[in-house]
Amino acid sequence: MANDHRRVVLSPSGIAFNAARESDLLSAAASAGIEVPAACRNGVCEICEARLMAGLALNTRNQQTIEAGEQLMMCRTTALTDLDLEISAVMAAGNKQPGKYQAKVVDVRSISHDVYRVELQLPRRRELSFHAGQYLSVNLPDAEPCYFSIASSPSAQNIELHIQATPEWVSAQKVIDALTSGGEVTVELPHGKACLASTPEKPLLLVAAGTGFAQMKSLVDYLRETSYEHPVKLYWGVRRHEDMYLRSLAQQWQEEWPPFTFLPVVGDDEDNDWSGHHAQLVRAVLASGANWKKVEVHASGSPTMVYTLMDALVEAGLPEGAFFSDVLEYAPRA
């Protein structure tokens with residue numbers, strides 16, 4: 001790490017980031033993708049208040065040194081040394097308790113032969129936080145909750161979902177039918193621990209099958225808002241070309257964002273069952289030539305795909321702790 005940067009650790013979340021000597025702590029946290037509640041940015045509202053546990057800092061308003069045990073406003077503080085701060089308002093990945101909200105249905109539109117893009121507006125949006133990569137449930141009366149990845153960045157004003165629905169997918173079709181009628185719907189969020197509360201310190205490899213792309217879109221949108229500069233590779237596997245419902249968007253990311261590489265994997269075979277398709281996707285990922293000891297992997301798809309991929313990557317040298325997927329939480333192996 002360069003000498004003009006200080007390491008800042010936030011407790012109790014354990015999230016850490018680097019702060020340039022001339023940068024206030026609130027701006028440095030935002031560059032690292034860390035959501036710190038704030039309003040005025042002048043040290044008046046006291047929303048970004050934290051307690052200095054260790055280290056030395058500088059109050060940029062009065063140029064006085066802040067010592068361990070004292071309170072500080074992150075928007076008006078720079079780091080003189082590495083710092084340990086106590087701020088309970090910053091949550092670790094997956095630690096925020098989900099709540100139920102009445103969401104207004106803003107838009108429902110078909111974006112492929114079987115995928116719909118849904119836009120929801122939630123009340124008091126600034127007070128509702130989630131991490132990139134988390135998911136929500138849509139709760140219809142007299143029905144089991146249906147879970148969908150959030151496809152938008154935590155900073156987006158509205159919530160975006162990608163819902164695959166056909167008459168054969170009864171529960172998802174019921175959700176689309178209910179949302180298309182407009183009005184409001186009950187949602188519960190956030191769910192999921194396979195998410196980003198801050199920018200990773202390693203290159204990222206993202207692997208999605210089908211509408212698993214929604215979770216990856218949330219991650220990419222979020223990272224593009226930060227100072228993240230490590231390489232990001234997205235493998236998106238589908239059975240047929242027409243299933244890659246937002247291919248143009250992924251290609252646009254590759255054109256506009258230098259760290260990003262898009263690698264589509266298409267079976268293009270009507271008779272190709274999911275197990276064969278998943279094996280093809282896993283083979284493509286393994287062929288990337290990545291240094292598996294130095295990357296972080298996020299995967300979204302069926303349990304079969306995720307566990308096949310995880311086993312193959314761990315055997316290739318990926319530490320198990322560097323593999324993230326919601327499947328590990330909702331469909332754990334015995």
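Is Glu 46 buried, partly exposed or exposed? In this predicted model, Glu 46 is partly exposed, because its relative accessible area is 47%, and a residue counts as exposed only when that value is over 50%. Glu 46 sits in the loop that runs between helix H1 (25-31) and strand E3 (49-54). Its backbone has a positive phi of about 65°, although the residue is not a glycine.

The overall fold is considered next. The chain contains seven helices and 19 strands. Its radius of gyration is 21 Å, and a compact globule of 334 residues would have a value near 20 Å, so the chain agrees with that expectation. Along the principal axes, the C-alpha trace spans about 70 × 50 × 40 Å. Of the 334 residues, 49% count as buried. When contacts between residues at least 6 apart in sequence are considered, 66% of them join residues at least 24 apart.

The surface and the charges were also examined. About 15700 Å² of the chain is exposed, and carbon and sulfur atoms supply 47% of this area. The chain carries 28 positive and 41 negative charges, and the mean positions of these two sets are 4 Å apart.

Two residues were examined in the loop between strand E10 (115-121) and strand E11 (135-139), one of them being Glu 127. Glu 127 has a relative accessible area of 55% and is therefore exposed, given that the cut-off for this class is over 50%. In sequence, Glu 127 is 90 residues away from Pro 37, while in space the C-alpha atoms of the two residues are 8.9 Å apart. Arg 124 also belongs to the loop between E10 and E11. With a relative accessible area of 62%, Arg 124 is likewise exposed. The phi angle of Arg 124 is near 50°, which is a positive value in a residue other than glycine. A positive phi is thus recorded for Arg 124 and for Glu 46.

Glu 160 provides a contrast in exposure. This residue lies in strand E13, which covers residues 159-164. Glu 160 is buried, because its relative accessible area is 8% and the class takes in values under 20%. The side chain of Glu 160 makes a polar contact with the side chain of Arg 117, at 3.4 Å. Beyond its neighbours within four places in sequence, Glu 160 is in contact with Arg 117, Val 118, Ser 149, Ile 150, Ala 151, Ser 152 and Lys 217. Arg 117 thus appears both as a polar partner of the Glu 160 side chain and in the list of residues in contact with Glu 160.

Two peptide bonds that precede proline are cis. One of them runs from Ser 11 to Pro 12, with omega near 5°. Pro 12 is placed in the loop between strand E1 (5-11) and strand E2 (16-20). The other joins Leu 189 and Pro 190, and its omega is about 0°. Pro 190 is found within a strand, E14, which comprises residues 184-191. The cis bonds therefore lead to a proline in a loop in the case of Pro 12 and to a proline in a strand in the case of Pro 190.

Definitions and conventions
Residues numbered from 1 in each chain as written. Predicted model: local features only at pLDDT ≥ 70, side-chain atom pairs only at ≥ 80, totals over all residues. Heavy atoms only, no water. Helix = DSSP H or I, 4+ residues; strand = E, 2+ residues; numbered from the N terminus. Rg over C-alpha atoms; globule rule 2.2 N^0.38 Å. Buried < 20%, exposed > 50% of the residue type's maximum accessible area, 1.4 Å probe, protein only. Contact = heavy atoms within 4.5 Å. Areas by Shrake-Rupley, 256 points an atom, 1.4 Å probe, with all protein chains shown as cover. Lys, Arg positive; Asp, Glu negative; His and termini not counted. Charge placed at Lys NZ, Arg CZ, Asp CG, Glu CD. Polar contact = N/O pair within 3.5 Å; in protein donor to acceptor, adjacent residues only side chain to side chain.
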